[in-house]
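Dear colleague,

I am handing over the structure we spoke about, and below it you will find my notes on the ligand site and on one arginine elsewhere.

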Amino acid sequence: MTTDVGTTSNSAQASYPPSAAFTATANAGPELQAAADADRLAFWAEQAGRLDWDRDFDEVLDWSGAPVAKWFVGGKLNVAYNCVDRHVEAGHGDQVAIHWVGEPGDSRDITYAQLKDEVCRAANTLTALGLKAGDRVAIYMPMVPEAIVSMLACARLGITHSVVFAGFSAAALRSRVDDAEAKLVITTDGQWRRGQAAPLKFAVDEALGSGADRAPSVEHVLVVRRTGLDVEWTTGRDLWWDETVGTASPEHACESFDAEHPLFLLYTSGTTGKPKGIVHTSGGYLTQAAYTHHYVFDHKPGQDVYWCTADIGWVTGHTYIVYGPLANRATQIVYEGTPNTPDEHRHFEVIEKYKVSIYYIAPTLVRTFMKWGRDIPDAHDLSSLRLLGSVGEPINPEAWRWYRGVIGGGRCPIVDTWWQTETGGIMLSPLPGITATKPGSAMAPLPGISCKVVDDNARDVPHGEQGYLVLDQPWPGMLRGIWGDMDRYRETYWSRYAEQGWYFAGDGAKYDEDGDVWVLGRVDDVMNVSGHRISTSEVESALVGHPAVAEAAVVGASDETTGQGIVAFVILLEGVENTGDTLISELKAQVSTDISPIAKPREITVVPELPKTRSGKIMRRLLRDVAEGRELGDTSTLVDPAVVEALRAKR
Ligand code: 6R9
């Protein structure tokens, strides 16, 4: 086996072919692409065979109601049965499903048999609370096993879950609970964050309100004890998990649901203020989750130890911690905390201890590791690793090479996976064992998936030139709409290339000279901070919500570690005194409470005016130039070019 040393130089090796040893045992072979090319729908029907269906589907795809697809029409299945019970029935009950590692250092190993019992107990509890298929449940929890159990219990009962990232504020939780009309919120007393127990149930109480301001849909709150923090209690509404789920029966016979039964909603940022509830359904979603997890990660059940470090509050946690890996009988790590608690060795200790073989992280974490220095990973035996993944944003070639050399010892293929909340599962990625990878490129659509890079007129762009990434064929894991707003669904994704019937992803991309795809980042007003999608307008409306602010403009400026950092420019209301640092910290706090600490601007500058076009649009491009300290681009469409000079002088 050859190993090359990590290098941060740009002395480029253009591409990295797979090693013969990897190829010899790889799940994917050249026949995969050939089969998809020969008959795409037959290919997907075959992939659906990874699941256990209670009733076979009659038709693979019904696209007659485009842009709303129906996949595996007439098929029936139970998603939780596919993720848990069937593995127990096949004799793998004793296999560890989850090696859970708590932030304070506690840990739990949960086998598939134990997971089945827990999911059944939780399902019995939800049923006893009067919840039925089609109802919505909000899950607002840190990375504890009960979060996964809750998601699976909902899936088992045909209840649509809406996981809300536990870093989101009470206000953000409330708007999601109201939009989905959730009847139940599942949470914890608190969460461990950087060595501290921080309250969480408290935020739920605040979100749900009382009296006239009470969240009208919510009947109960189910609370897992995690930190032992004191909580306030609303009798009749609040229930302890250990006193309900803990005492419920572990026997539960599951029903099957239609392939198109809604499995979950997941709210994500769009170009306008209000987050969109992305709707995913059951059969197609799970098929794509299982298919991609099997081939992209070359996953071998019973052999690999898999670790996706995402949070279940994001789509990566849904598809590559819960549904894909569990459908494929993975043994995986679920880690509660941050990578530097108690210190920067944490991830590498976990890899060493559990012999992690597949490691899936975001580029921002790679860059953070780079900043901490290679001595930290070098102090550990990482030889169990055999495949590395990247997701969430474009990975810069320098970070890619470091990841490959230092973490992967030069021997592990890297899969740079492009996909979105809306796509449900991975769309573009190298196939390990087949693809010669290039640092920074997601390479090509997976077999069965089709994309194009086109210009405004829907023409293929010449190689080397930037265009827009579109998906020109429906795929099984695709979103089925935006909850409660199908017009917005059509408008956001399908109006740009309405004539062609293509899905507009919102990302810029280019083909290189070999025809491989490079995704270049968002072309809309969505920022990407540490792989989290945050819309400029959401942050702007939070800032304008402060009594001192008249107007705000927010841009994502490139940031060495987080990809982008949020930079805000605000105009104060007439007569308001600028209190300097006090005001800036108030504004930051305002964004934290309205949205989340992750949306807090890195910098806020008070300015007298914002650069605007004659049609009244704020020129974000110029603000980005200012924020990144660049020469200004074209200012000719500005009403008053002097405004920009004034902005510069302020910083
Ligand atoms: C899975 C996830 C989606 C947006 C997407 C794009 C960016 C994700 C990427 C990538 C370049 C990759 N993105 N993976 N850009 N290369 N490998 O992250 O979903 O949170 O919805 O974000 O993230 O801009 O449009 P989501």
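The ligand is surrounded by 17 residues, where a residue counts if one of its heavy atoms lies within 4 Å of the ligand, and the closest include Asp416, Thr421 and Arg533. This is a predicted model, in which local features need pLDDT of at least 70 and side-chain atom pairs count only at pLDDT 80 or more, while totals for chains, interfaces and linings use all residues. Residues are numbered from 1 along each chain as its sequence is written, and side-chain values use heavy atoms, with hydrogens and water left out.

Among the polar contacts (pairs of N or O atoms within 3.5 Å), a side-chain N or O atom of aspartate 507 lies 2.6 Å from an oxygen atom of the ligand, and a polar side-chain atom of arginine 522 is 2.7 Å from a ligand oxygen. A nitrogen atom of the ligand, in turn, is 3.4 Å from a backbone N or O atom of proline 394. Of the 530 Å² of accessible area that the ligand has on its own, the protein covers 96% (Shrake-Rupley method, 1.4 Å probe).

Arginine 136 belongs to strand S6, residues 136–140 (strands are DSSP runs of E, at least two residues, numbered from the N terminus). Arginine 136 is buried (under 20% relative accessible area, 1.4 Å probe, protein chains only), yet has no salt bridge (a side-chain nitrogen of Lys or Arg within 4 Å of a carboxyl oxygen of Asp or Glu). The nearest side chain of opposite charge (Lys and Arg positive, Asp and Glu negative; His and the chain ends not counted) is that of glutamate 181, 4.0 Å away. The arginine 136 side chain does reach the backbone oxygen of glycine 134, at 2.9 Å.

Best regards

Note on methods
A polar contact is a pair of N or O atoms within 3.5 Å; within protein, one must be able to donate a hydrogen and the other to accept it, and residues adjacent in sequence count only if both atoms are side-chain atoms. Helices (H or I, at least four residues) and strands (E, at least two) are DSSP runs, numbered from the N terminus. Buried means under 20% relative accessible area, exposed over 50%, partly exposed in between (1.4 Å probe, protein chains only).
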